[in-house]
Each structure stands twice: as structure tokens, then as C-alpha cells.
Amino acid sequence: MTSEKYVLVTGGAGYIGSHTVLELINAGYKVVVIDNLCNSSEEAIRRVGELTNSTIPFFPVDLRDKEGMDKVFSEYPIHSVIHFAGLKAVGESTKIPLEYYDANVSGTIVLLKTMAKHKTPVFVFSSSATVYGDATRFENMIPIPEECPTGPTSPYGHTKMIIEEILTDAAAADPNLKVGILRYFNPIGAHPSGRIGEDPRGIPNNLLPFVAQVAVGRRTKLQVFGNDYPGSPDGTPIRDYIHVVDLAKGHLAALAKLDSVEGENGEGFARPWNLGTGNGSTVFEVVRAFENATGVTIPLEVVGRRKGDVVNLTAKPNRANTELKWKAELTVEDACRDLWNWTTNNPWGYGQPEN
């Protein structure tokens, strides 16, 4: 076993995971990656290694594989874990909820038990603003603070909420465990190198990857789900879009914070932080920003509202700004430019053209 402390990144070949691995290595951290590659590509890790001039230990292990997990922890002295791995499509989760509970919740329990066995003290969790559900059901909760009551509306959101509760209980029972819960809003963009980015399998669930695929001819037009939302300047839903590089740096800020805190009263430490910009953009505003950044006109069609969509999900990021000394610095325009650079260099993502 090597003697240096390592950060284990689960789901490190995915979109946010790969960008975080890159930022970690650039900041001097030693990193180990595990990913079962069910919705990602090992090519992402190879490219991160190329960009950082490093060889990244990689294990194609599923979190629920107890022996495989134990082997990774036995081989490397892991001081902290950043946990991205999991299934993440809201719509799909309503169709196969048991798969989501098994992969996300059961996988996290195996991970926590393995950490406890090997005395790994620091855990950063990739949670989601979906845990808040429709925050517009409350007065004065937009932008959304961490104190907003939770109320997820999909099996995916429920898995994130359950994991947050498990982590809070685990930290209360273990004075050595320190947990940071990062509630993301809407990650967009790509690394400015154009070498790594979002590569969704099949039809993208998220706005900007779909727009980019329309722009390069993989899709014919964008469908906008509803332009009749009250309280929106143009009737389309408002979201807090955060550049993936800013989001990745938030994980490093969380690691630094957790290394500096201690639990109290015989308990560990657990705290949620919103990672967002605090600025909301409508669907039409984002499409215009993309068109301005690329010079490409996006054909679109307004259709009916999508089940479960709400008018406004904008973060109140003050707690992360103050406690993590972190702030989003890049704009939607920056993200559109970087996404276009990634898309034009990799029109088929990490793979080959579809048949």
C-alpha cells in the first residue's frame, strides 16, 4: 500500500466527476477513481490523465460489489471520498424506481460501511436541488436556502433525500465522520480545453446538451415544455445554471472545509450547502445565450408542460459563499462557449456516430 493520502472519486468517469478529478489533480490531490461505466466512458479518465500529465488509478467497480470496494480501500490509503456514482434521470426513476433505490441507496450504504472499516473520515456527497421539490409551494423560499423544507417529487429525488438522512445519522453516530452534502442546481458547460464534457447516452434529459445536439445536426429541433408559467419573464421555467468547472471547484472547497472542522458532543459533522449562482435564467434566455455564443440558430417548438416541472429553482448560495469561501465565477455565456467548443470537437461525445 502506498503511504500518501488519496481522494476516492466514485462515478469519476461521469460528467461532473471527471471535471472534479481534473481540478483535484491540478490542486495537488492524489486521486483514485471507481466507476461501473453504466452511463459514462473510461475515455473521460484517460483524457483527464492526458490534461494533467498523470496516470489515474481506475477501477471499473460497482458500489454494491463489497469485495471489489474492499480491494480498492485495501490498496490505497483513502482519506476522503467524493461520491458522485448513481443513477440520475428523474423521468427514468419513475419507471424503474427499485433500480434507483438499489443503485443509489444500497450502493451508498456499502460505501459507508467500507469507509468505516478502513477508517476513512471525510465524505462529500453529490446531492441535488431536487430534494427541495417545488419550493414555490412556500412563500419567500425563492431563491432557495438550505433551510427550505425538503419534499422531493420523484424516486430519484427521494434517493438523494434518503442518502442525506443516512449520512446525517451516520455522522451523529460516528465522532470521526465528517460529511459535506452539496446540493447542485443545474450544471452546464464543459472544460475550456474541449477535451472533456457532458456525453449523455441516448436523448439528453437536460436543456443545453440537447440544444448542442440540435446545433450539430444530431437532433432536428428543441422542444420547450411550456411557455405559460406565471412569474417567469417569458413564460418558460427559470433555473439556476452553474458552470461545471465552478461546481467542480466547490467540491475542493468542501474538502478543505471538512478537513478544518470537528464534530461536537461526541458526534461527527454533517452539513448541507447549495452550489448555485443565485441567478435564474429562463429556457429562452439560455437558448439565446447559446445562439449568441455560437452563431447558430436553434429551431424550437413550444409544447405542453412536462409533468413535475416547476416555475423557478434558483439557489441561495450564501452559506457556501461564506462557509466554504466558494463562489461561482463563470457565466451562462461562458458555459455556452465551452459547451460549443466541446461539442464541435466531439460531436459524438466520447464515442462514435450512432448507426
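Let's start with one residue pair: S128 of β5 has Y184 of β6 as its bridge partner. Keep in mind throughout that this is a predicted model.

That pair belongs to a longer run. β5 and β6, residues 178-184, are parallel and share 7 bridges. Now the other neighbour. β4, residues 78-83, also runs parallel to β5, and 4 bridges join the two. There, H83 is matched with F125 of β5.

How do we get from β5 to β6? Through helix α6, residues 155-173: the three elements make a right-handed β-α-β unit.

So how many residues of β5 are buried? All seven: 7 of the 7 in residues 122-128, so the strand is largely enclosed by the rest of the structure. Look at the two faces. V122, V124, S126 and S128 point one way. F123, F125 and S127 point the other way. Both sets are buried.

Stay in the loop between β5 and α6 for a moment, which is where P143 sits. The peptide bond between I142 and P143 is cis, with omega at about 0 degrees.

Next, the helix pair α1 and α2. α1 covers residues 15-26 and α2 covers residues 42-52. Their axes lie 10 Å apart, at an angle of about 25 degrees. An angle under 35 degrees counts as roughly parallel, so α1 is roughly parallel to α2. The crossing is right-handed. Which residues meet? From α1, we have S18, V21, L22, I25 and N26. From α2, we have A44, V48, L51 and T52. A helix has 3.6 residues a turn, so residues three or four places apart point the same way.

Two backbone oddities flank α2. L37 is in the loop between β2, residues 30-34, and α2. L37 is not a glycine, yet its phi is positive, about 65 degrees. At 23% relative accessible area, L37 is partly exposed. On the other side, N53 lies in the loop between α2 and β3, residues 58-59. N53 is not a glycine either, and its phi is about 55 degrees. With 74% relative accessibility, N53 counts as exposed.

On to helix α7, residues 207-215. Buried or exposed? Buried: 9 of the 9 residues, so α7 is largely enclosed by the rest of the structure. The buried residues include L207, L208, F210, V211 and V214. P209 and Q213 are buried too. What covers them? The cover includes strands β7, β8 and β10, along with helices α9 and α11. Just after α7 comes G217, with a positive phi of about 90 degrees.

Now a small sheet. Three strands form an open sheet in the order β12-β9-β14, with mixed pairing. β12, residues 281-282, and β14 are the edge strands, each pairing on one side only. β9, residues 238-239, runs parallel to β14, and 2 bridges join them. Opposite I238 stands N312 of β14.

Last stop, G304. Where is G304? In the loop between β13, residues 300-303, and β14, residues 312-313. G304 is partly exposed, at 48% relative accessibility. Leaving out residues up to four places away in sequence, G304 touches F225 and G226. Q223 is 81 residues away along the chain, and its C-alpha is 9.3 Å from that of G304.

Definitions and conventions: Residues numbered from 1 in each chain as written. Predicted model: local features only at pLDDT ≥ 70, side-chain atom pairs only at ≥ 80, totals over all residues. Heavy atoms only, no water. Buried < 20%, exposed > 50% of the residue type's maximum accessible area, 1.4 Å probe, protein only. Pairing = 2+ DSSP bridges. Right-handed = clockwise from strand over helix to strand, strands pointing away. Axes fitted to C-alpha atoms, helices over the stretch in contact; angles between N-to-C directions. Parallel < 35°, antiparallel > 145°, perpendicular 65-115°, else oblique. Left-handed = near helix turned anticlockwise from the far one by under 90°. Contact = heavy atoms within 4.5 Å.
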